[in-house]
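User: Please take a close look at a single part of this structure, one helix and its surroundings, and set it in the context of the whole chain. A connected account would be preferred to a list.

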Amino acid sequence: MIRISEKTLNDLEFDIVLTHIAELCNTDYGKIKALKITPLSTKEKLHIALQHVSEYKSSHLQDAKIPNHGFDSIDKEIQLLSIENTFLESLHLKKIVTISTTTNELVLFLRKNKELYPTLYTTSIEIPFTKEIINHIQAIIDKYGEIKDNASSTLSSLRKDINEVQAKLNGSFSKDLTRYHNLDYLDEIKESVVDNRRVLAVKAMYRRKVKGSIMGSSKTGSIVYIEPETTIQFSRTLSNLRYDEREEIVRILKDLTNKIRPYTDVLVHYQEYLSDIDIVAAKSKYATKLNAILPKISDHKEMILKDAYHPLLYLNNQSKDEKTYPQTISLDSKNRIIVISGPNAGGKSITLKTVGLLQVMLQSGMLVPVHEYSRMCIFSLILTDIGDNQSIENQLSTYSYRLKNMNYFLRKCNDKTLFLIDEFGTGSDPELGGALAEAFLEVFYERESYGIITTHYANLKMLANELPHMSNANMLFDARTLEPLFKLHLGEAGSSFTFEVAQKNGIPYSLINKAKKKVERGKIRFDKSIANLQKERSKLQKTTSSLKSKELKTEEEKERLEKINARIQQKLENYQELYDSNQRMIYLGQKINEISEHYFNNKKKRVLIDEFMKIVQIENSKRKKQTARQKKVIKEKEKKIKTEVEKKIDVIRVQKKNQKKKEEKLEKTKPKIKLQLGDKVRMIDGKSTGTIDSIEKGKAVVNYGIFTTNIGLDQLEFVERKKI
């Protein structure tokens, strides 16, 4: 059974995470439920919840996306259904149709795509699928939420009578309207509606000349609203018919509600199911915002967090466009407890909260922002002591409260517990408080509990160094600037840099030296040794980074040289082939020249042909006979090479074209130098330079030494200004 207290959730600010998830819900009912999320009580429920979110998050990558599951709350409708002799109005019934349709569509979708969403499908099997509710309602109510005329024969007859009387009333009223308008008894607005009845807008001076019932007057009293005498009877008849219509509608709705009432539990199921899916969707959206994943859930007690982000800090920094530093930390059977030390404001508390909040989120069925190679397990109990916990109500100091908390820890801690304690042992005398904290830590260690604590106490650092399944860790600081690096380093304790930080903040050295003398020599040496180790590690890290950088550059240079070597080798092979081919051509040329000379001397054709044929046969013997398929392969290969070459040529052309455009654009953006007498210039795209002898009307006489030429200033480009 998993138990996580309200205090732990408050310490880790889990309520803010719930607020974020509630904001991502589509339904009001889902938002209310989201704010009540707590860690799940069993591993079985937790595994199902995590798979729900993981499957939903993957839906945006699938072709079959999960359909809409939004709905309006039907709490009021369910409440009315549970009371006998009540009935639902048509709008309420319309909401029930909508929620039933949405649920049915979602259940059918998951049946069709159970391979993609196996866990969501398994959960949907428990939801009753029925179309009876929809059929009952849609037989009576149309898509606009109105009662259909054919809902009953009585209603159909009443509405027919209403339409007839309404038509007669309208006709009668129109006649009176025309008659009194022609007599100029009516105001400009002519008519109005009072108590759902059409009335004439009669000028006050003519009210006695219009027969009918006075229904009211305007604010100024200049208009009197009169229902004509001829339409009063029709209005009364119409009112009676509408009353009968409403009575019949109520009877129909009561009958329909009685048909729906047996499905009350089904509707409760529907609302709960859709709100649960809404929360799953909100968790999925939150995971997307955090780049969160489902890490491997281990059956063994181990927590290996790689590149873990604090969710609230990550989102806050993201909104400010600031960097968030991830942490890597691990707990397992061989390293159950980690003691984090180092200066304040280095990120110790945030590391502690990151571990705790991610664990609580995971155990509440949420994905967490960690690297995919991370591993997490399930703890039955998570205990926290974070922050200043003074209790004004109980008149407890910080230390008293923490002791009370430690007492609770001692009662509950076991091998399935994760404890997180910030500034362990503070609030009392350092010697005595440190000793008591050490005793507590030894008890937690003996009970094989898992935990992380932050502290400044040297005795706790030494204890972590001595016990085999406990280790030190520190938040890295730049030893030179004393600025935090927000990175956790496992395996070594951290110095508090007390005197170094004091010196940096301008405290006189004489005062710092005086303080050092008041502290035991052993403690100073121990803290100084830790500080020196951290400085040395900082140097080593810089050296390692430098070596890695050089190694990468060397590797890149090696790859570059290998590529150059391969190209040179290829060129050499090509040159060798070309040389061999040329040598063969020279040899053949010499042979043919010899045969020609012999023929020139003896004029023997037969000998000439025999000698030539010998050469041809020798050359053909060197050739390999190719099949049609081989010829085709060679031809295709040549074609492919040609295509590739053409593509490369096209790319080069485009690059050159783009380069030329860039140069032209650059040339245009360059400030235009105003040419003066004596300036050295040259023609655009020309090479020869000359000197401007004179400028007149946009043209210049340029002296090239041997000759002069008259040319437009826009065709010249500046080279050098005349030296004075």
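Analyst: The account below begins with the chain, turns to helix H12 and its cover, and then follows the neighbouring elements outward.

The model is a predicted one. Its chain has 724 residues, of which 37% count as buried. The secondary structure comes to 21 helices and 19 strands. Among contacts between residues at least 6 apart in sequence, 68% join residues at least 24 apart. The chain exposes about 45,100 Å², and carbon and sulfur atoms supply 52% of that area.

Helix H12 spans residues 311-319, and its buried residues are Pro311, Leu312, Tyr314, Leu315 and Asn317. What covers these residues? The cover includes helix H2 (14-23), helix H11 (264-290) and helix H13 (348-362). Just after H12, Asp321 takes a positive phi of about 60 degrees.

Leu315, which has its place in H12, allows a closer view of this packing. Leu315 counts as buried because its relative accessibility is 14%, and the cut-off for burial is under 20%. Which residues does Leu315 touch, leaving aside its neighbours within four places in sequence? They are His20, Tyr286, Lys289 and Leu290. By numbering, His20 falls within the range of H2, residues 14-23. Tyr286, Lys289 and Leu290 fall within the range of H11, residues 264-290. For Lys289, the C-alpha atom is 8.1 Å from that of Leu315, with the two positions 26 residues apart in sequence numbering.

H11 also leads from this packing to an open space in the model. The second largest pocket holds about 710 Å³ of space. Its lining consists of 25 residues, and those nearest its centre are Leu40, Ala49, His52, Asp276 and Val280. Which helix gives the largest share of this lining? H11 does, with eight residues. Helix H4 (43-58), helix H7 (118-124) and H11 each supply at least two residues of the lining. H11 is thus named both in the cover of the buried residues of H12 and in the lining of the second largest pocket.

Asp276 ties the pocket to the charged groups of the model. Asp276 is among the lining residues nearest the pocket centre, and Asp276 is also linked with Lys33 and Glu272 in a network of salt bridges. In general, side chains of opposite charge can pair when their charged atoms come close. The structure holds 18 salt bridges, and some of them lie within single helices, as in helix H10 (residues 229-260).

In H10, the side chains of Arg251 and Glu248 meet in a salt bridge with an N to O distance of 2.6 Å. These two residues are three apart, about one turn of the helix. An α-helix has 3.6 residues a turn, so residues three or four places apart point the same way. Arg251 counts as partly exposed at 44% relative accessibility, whereas Glu248 is buried, with a relative accessible area of 8%.

Another pair in H10 is Lys259 and Asp255, which form a salt bridge whose closest N and O atoms are 3.9 Å apart. Lys259 and Asp255 are four residues apart, again about one turn of the helix. Both partners count as partly exposed: Lys259 has a relative accessibility of 41%, and Asp255 has one of 39%. The distance of 3.9 Å falls within the 4 Å cut-off for a salt bridge.

Helix H9 (residues 153-182) holds Asp176 and Arg179, three residues apart. Their closest N and O atoms are 3.5 Å apart in a salt bridge. Asp176 counts as buried at 7% relative accessibility, while Arg179 is partly exposed, with a relative accessible area of 44%.

A surface feature in another helix completes the account. Ile568, Leu572, Tyr575 and Leu578 make a nonpolar surface patch of about 430 Å². Tyr575 lies in helix H19 (residues 521-602). Is Tyr575 buried or exposed? Tyr575 is exposed, because its relative accessible area is 55% and the cut-off for exposure is over 50%.

Terms used: Residues are numbered from 1 along each chain as its sequence is written. This is a predicted model: local features need pLDDT of at least 70, side-chain atom pairs count only at pLDDT 80 or more; totals for chains, interfaces and linings use all residues. Side-chain values use heavy atoms; hydrogens and water are left out. Patches are made of residues with over 30% relative accessible area and no salt bridge: like charges are joined within 9 Å, nonpolar side chains (Val, Leu, Ile, Met, Phe, Trp, Tyr) within 5 Å. Accessible areas come from the Shrake-Rupley method with a 1.4 Å probe; for residues, only the protein chains shown count as cover. Buried means under 20% relative accessible area, exposed over 50%, partly exposed in between (1.4 Å probe, protein chains only). Contact means heavy atoms within 4.5 Å. On a 1 Å grid over the protein atoms alone, a cavity is a set of points where a 1.4 Å probe fits but cannot get out, and a pocket is an open set with protein on both sides within 12 Å along at least five of seven lines; lining residues have an atom within 4 Å of a point. Grid points are joined across faces, edges and corners, and a volume is the space filled by probe spheres set on the points.
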